[in-house]
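Reader: I am new to this structure and would like to understand the words used to describe it. Could you walk me through them?

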Amino acid sequence: MRQGVRVGVDVGSVRVGVASCDPDGLLATPVGTFRRAGDESDIQAVADLAADRAAVEVVVGLPLSLDGHEHAAAEAARGWATALRRRAPGLPVRLVDERLTTVAAHRAMRESGLRERGRREIVDQQAAVLILQAALDAERVSGQPSGELLGGRKPRHSSRTRTERR
């Protein structure tokens, strides 16, 4: 398991939830929520937060469809992550599959008794915690960083086998 703080991000259309982990990469905790803005101030806020915490990387949730394909929400998250990488070029950014994390965050908050109105501002933070914790746990099990390193090769998602593609 690599040492160092990581920042987890759940990119929504209105808000960006942010989480962080301890330097040993054991536990993800909520940090805050930033409003999405046309001026990219949310991207700068995450870049600043990562710099303040001396983060070794940022893990951005990639909301793939249930069949594993990228649609509008995933393209928006990929675009946001690319903008973060441009804003902080020395900071590695990884995209990790975040299917159903927001649903799981809502469920957990509902089960804890938090009312719908009170959930709106913190559900994105909770989703970021789930994204980051899943990435940390996967790395601990496999010994390899989770997800796709932005700037690397984009993985193919196809239901056809290698033989069928030929």
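**Helices, a pocket and a cavity**

Author: Gladly! Please keep in mind that this is a predicted model. Helices α1 and α2 are oblique to each other.

Reader: Why are α1 and α2 called oblique?

Author: Their axes cross at roughly 55°. Angles under 35 degrees count as roughly parallel and 65 to 115 as roughly perpendicular, so α1 and α2 are oblique. The crossing is also right-handed.

Reader: How do you know that α1 and α2 meet, and which residues are involved?

Author: Contact means heavy atoms within 4.5 Å. On that basis Asp42, Ile43, Gln44, Val46 and Ala47 of α1 meet Trp80, Ala83, Leu84 and Arg87 of α2. By class, this contact has 6 nonpolar, 1 polar and 2 charged residues.

Reader: What makes an empty space a cavity and not a pocket?

Author: In a cavity a 1.4 Å probe fits but cannot get out, whereas a pocket is open. This structure holds 1 cavity of 30 Å³ or more, and about 30 Å³ of space lies in the largest cavity. Its lining includes Arg2, Glu57 and Leu136, and α4 gives the most to that lining, with 3 residues.

Reader: And which residues lie nearest the centre of the largest pocket?

Author: Val11, Gly12, Ser13, Val14 and Asp124 do, among 13 lining residues. Both β1 and α2 give two or more residues to this lining. About 240 Å³ of space lies in the largest pocket, and its lining has 5 nonpolar, 3 polar and 5 charged residues.

Definitions and conventions. Residues are numbered from 1 along each chain as its sequence is written. This is a predicted model: local features need pLDDT of at least 70, side-chain atom pairs count only at pLDDT 80 or more; totals for chains, interfaces and linings use all residues. Side-chain values use heavy atoms; hydrogens and water are left out. On a 1 Å grid over the protein atoms alone, a cavity is a set of points where a 1.4 Å probe fits but cannot get out, and a pocket is an open set with protein on both sides within 12 Å along at least five of seven lines; lining residues have an atom within 4 Å of a point. Grid points are joined across faces, edges and corners, and a volume is the space filled by probe spheres set on the points. Helices (H or I, at least four residues) and strands (E, at least two) are DSSP runs, numbered from the N terminus. Ala, Val, Leu, Ile, Met, Phe, Trp, Tyr, Cys and Pro count as nonpolar, Asp, Glu, Lys and Arg as charged, and the others, Gly among them, as polar. Axes are lines fitted to C-alpha atoms, for helices over the stretch in contact, and angles run from 0 to 180 degrees between N-to-C directions. Angles under 35 degrees count as roughly parallel, over 145 as roughly antiparallel, 65 to 115 as roughly perpendicular and the rest as oblique. A crossing is left-handed if the near helix is turned anticlockwise from the far one by less than a right angle, and right-handed if clockwise.
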